[in-house]
Amino acid sequence: MGIAVNKEKINNKKDKIKSHTVNLKINTRIIITSVLAIVIPTIIICTFAGVFINSVVKNFDLSAVAHAPYSILNQAQWSQAVNDLSSQLVKDDKYDKKISNIKKAALPLEQLGSLIYIEENEKEFYTSCSKDEIIKIANSVVELKSDSDLFYFSEKGAVVLSNITSDNNNKYTILIVNDKYTYPNNSANDKANNVTGTITNRTIIIVAIVGLTFILAIIIISLITSKTIIGPVQKITKGANEIANGNLDYEIDYKSTNELGQLADSFNEMRLRVKASTEEKQRANQKQKEMIAGIAHDLRTPLTSIKGYVEGLRDGIADTKEKQIRYLDTIYNSTCDTEKMLNDLLTISKLELGDITLNKENIKVSEFIEFAYEVGHDLQNTGFDYQIIDNTKSTPIISVDTDKFSRVIDNIVSNSIKYKRPDVKGKITLTVSEYEHSVIFEIADNGMGVDKESLPRIFDTLYRADKARSNVSDGSGLGLSVCKQIVELHGGMIWARSEPGNGLAIFISLPLVEEKNNRNGDEI
């Protein structure tokens, strides 16, 4: 249980770190990459340099002098040991302190089996054993010359002789002998090669470490750059190519708040808009095809009727006065239907192109209701019942073009008359309701109604619920489209509600004229 909880915590931390890093801005990533390009090689070089310097220090340190084959480092270590003894001798210390320091400096050499003899002004100052024994051992290794310094290593042993003078003119002689510290008998060239080889090898190692460090740093930085910048760019590029090739369902899967994330979001948003625009264009093309087919059909019906009756007149089929009058009346009615449809098409075209200008004026809703009563009287003459429900609480004012808005009402009422149920007495109810910023007119009938499939499209140009379009006189499908265009031109909205067999209700919402604007209008 505890292990599962810890794993969950670790995963949560990883997710948090990932979410923070993926949102880093490009500038921040470049700065971090540049810093890492400096820091990583510096850290690695400093580490190796520290190890190298530490190794060199140990090799040259007095305590590191060991009984080993001769090398240039061994020689340097012996030289350092002699320098340490010399520095203690020339110091202006008291005798006891100087002796104590000499013993400390000599102890590492004596532990290697070395014998040390030191004179001060030709008098014994410090010795590991008797002077004669040390000189004897030294002469067995190499012949001593007391007046010259000697730094001698051979297969017989090592001898160091050094003469120094202090600032107060005290003369010191240091003799160190070790017949156990030997090295092979190498020539001078071998010694030179040994020194050169050592320096060359160390230099090659350092250069190799520096080179490998920079290569490693470049690889690490390249991987970081590839993962954090190039990876997202490749995703966005792939997505852009898919969109360019028409695959509008492809979504770029990269979520971040940085510049690349914003770019990916922009591409996804563009994809959705292009997809919506394409679908809308396809729907518009389909509507256009249906409209052209509807126009062709609706024009053919009256023209066919006109042509048939004209041929009947020409061929003498209408051989009586009554037939001729009936034929001419039919021709006239068909011509009027065609003219009305063409006028509606012209009106819609002008509305869509913005070629119609509204002559709006502020009128009280009560004045509109008076006009509605007049329409009601005409309806009653056609056998329709008519009812007006006024739900206004004040005297709201709307700004309308009275002629064009009257046409809207006429078209809706005409539509209700055309689609009344034959076995039910027709009835139209007008309800006026006032709201805070608008007035809504509801014109409801008890006619055939519209099915759910057709209801959203009744305001489309040339759309009719009658798929057969058998009688143009029953409506061309342009009336409600004209209503929609005029209402929207007034800054209003129009919609419908219906159930088959329960009638159709058309709603028109128009904005109220604000009281301040109304007062200004009255003053003008």
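Helices (H or I, at least four residues) and strands (E, at least two) are DSSP runs, numbered from the N terminus. The model worked on here is predicted.

**Exercise 1. Place His490 and describe its surroundings.**

Solution.
Step 1: locate the residue. His490 sits in the loop that joins helix H11 (479-489) to strand E11 (493-498).
Step 2: classify its exposure. The cut-off for buried is under 20% relative accessible area. His490 has 5%, so it is buried.
Step 3: look for a polar partner. The His490 side chain comes to 2.9 Å from the backbone nitrogen of Asp401.
Step 4: list the contacts, skipping neighbours within four places in sequence. They are Leu358, Lys360, Ser399, Val400, Asp401, Leu510 and Pro511.

**Exercise 2. Work out the pairing of strand E1, using Glu120 as a marker.**

Solution.
Step 1: take strand E5. E1 (residues 115-120) and E5 (residues 171-178) pair antiparallel over 6 bridges. Glu120 faces Tyr172 of E5.
Step 2: take strand E2. E2 (residues 123-127) is also antiparallel to E1, with 4 bridges. Here Glu120 has Lys123 as its bridge partner.
Step 3: inspect the turn. E1 and E2 make a hairpin with 2 residues between them. Asn121, in that turn, has a positive phi of about 55°.

**Exercise 3. Count the disulfides, then classify Cys129 and Cys483 by exposure.**

Solution.
Step 1: apply the sulfur-sulfur cut-off of 2.5 Å. The search of the whole structure returns 0 disulfides.
Step 2: compare accessibilities. Cys129 is partly exposed, at 21%. Cys483 is buried, at 0%.

**Exercise 4. Characterise two aromatic pairs and say which parts of the chain they link.**

Solution.
Step 1: get the total. There are 8 aromatic pairs in the structure.
Step 2: classify the first example. The ring centres of Tyr309 and Tyr327 are 4.7 Å apart and the planes meet at 85°, so this pair is edge-to-face.
Step 3: place it. Tyr309 belongs to helix H7 (residues 259-314) and Tyr327 to helix H8 (residues 321-353), 18 residues apart.
Step 4: check exposure. Tyr309 is partly exposed at 25%, whereas Tyr327 is buried at 12%.
Step 5: classify the second example. Phe368 and Phe405 form a tilted pair, with 5.5 Å between centres and 55° between planes.
Step 6: place it. Phe368 is in helix H9 (residues 365-381) and Phe405 in helix H10 (residues 402-418), so the pair ties together parts 37 residues apart in sequence. Both residues are buried.
Step 7: extend the network. Phe368, Phe371, Phe405 and Phe441 are linked into a cluster by ring pairs.

**Exercise 5. Reconstruct the five-stranded sheet and the helices against it.**

Solution.
Step 1: write the strand order. The open sheet of 5 strands runs E7-E9-E10-E12-E11, with mixed pairing.
Step 2: find the edges. Strand E7 (385-390) and E11 each pair on one side only.
Step 3: state the twist. It averages 15° from one strand to the next.
Step 4: examine one inner pairing. Strands E10 (residues 438-445) and E12 (residues 504-511) are antiparallel, over 7 bridges. Ser438 stands opposite Pro511 in E12. Pro511 is also among the contacts of His490.
Step 5: add the helices. H9 packs on the sheet and touches E7, strand E9 (427-434) and E10. Its direction makes about 165° with that of E7. H10 lies across E9, E10 and E12, at about 170° to E12.

Notes. Residues numbered from 1 in each chain as written. Predicted model: local features only at pLDDT ≥ 70, side-chain atom pairs only at ≥ 80, totals over all residues. Heavy atoms only, no water. Buried < 20%, exposed > 50% of the residue type's maximum accessible area, 1.4 Å probe, protein only. Polar contact = N/O pair within 3.5 Å; in protein donor to acceptor, adjacent residues only side chain to side chain. Contact = heavy atoms within 4.5 Å. Pairing = 2+ DSSP bridges. Phe/Tyr/Trp six-rings, centres within 6.5 Å; stacked < 30°, edge-to-face > 60°. Axes fitted to C-alpha atoms, helices over the stretch in contact; angles between N-to-C directions.
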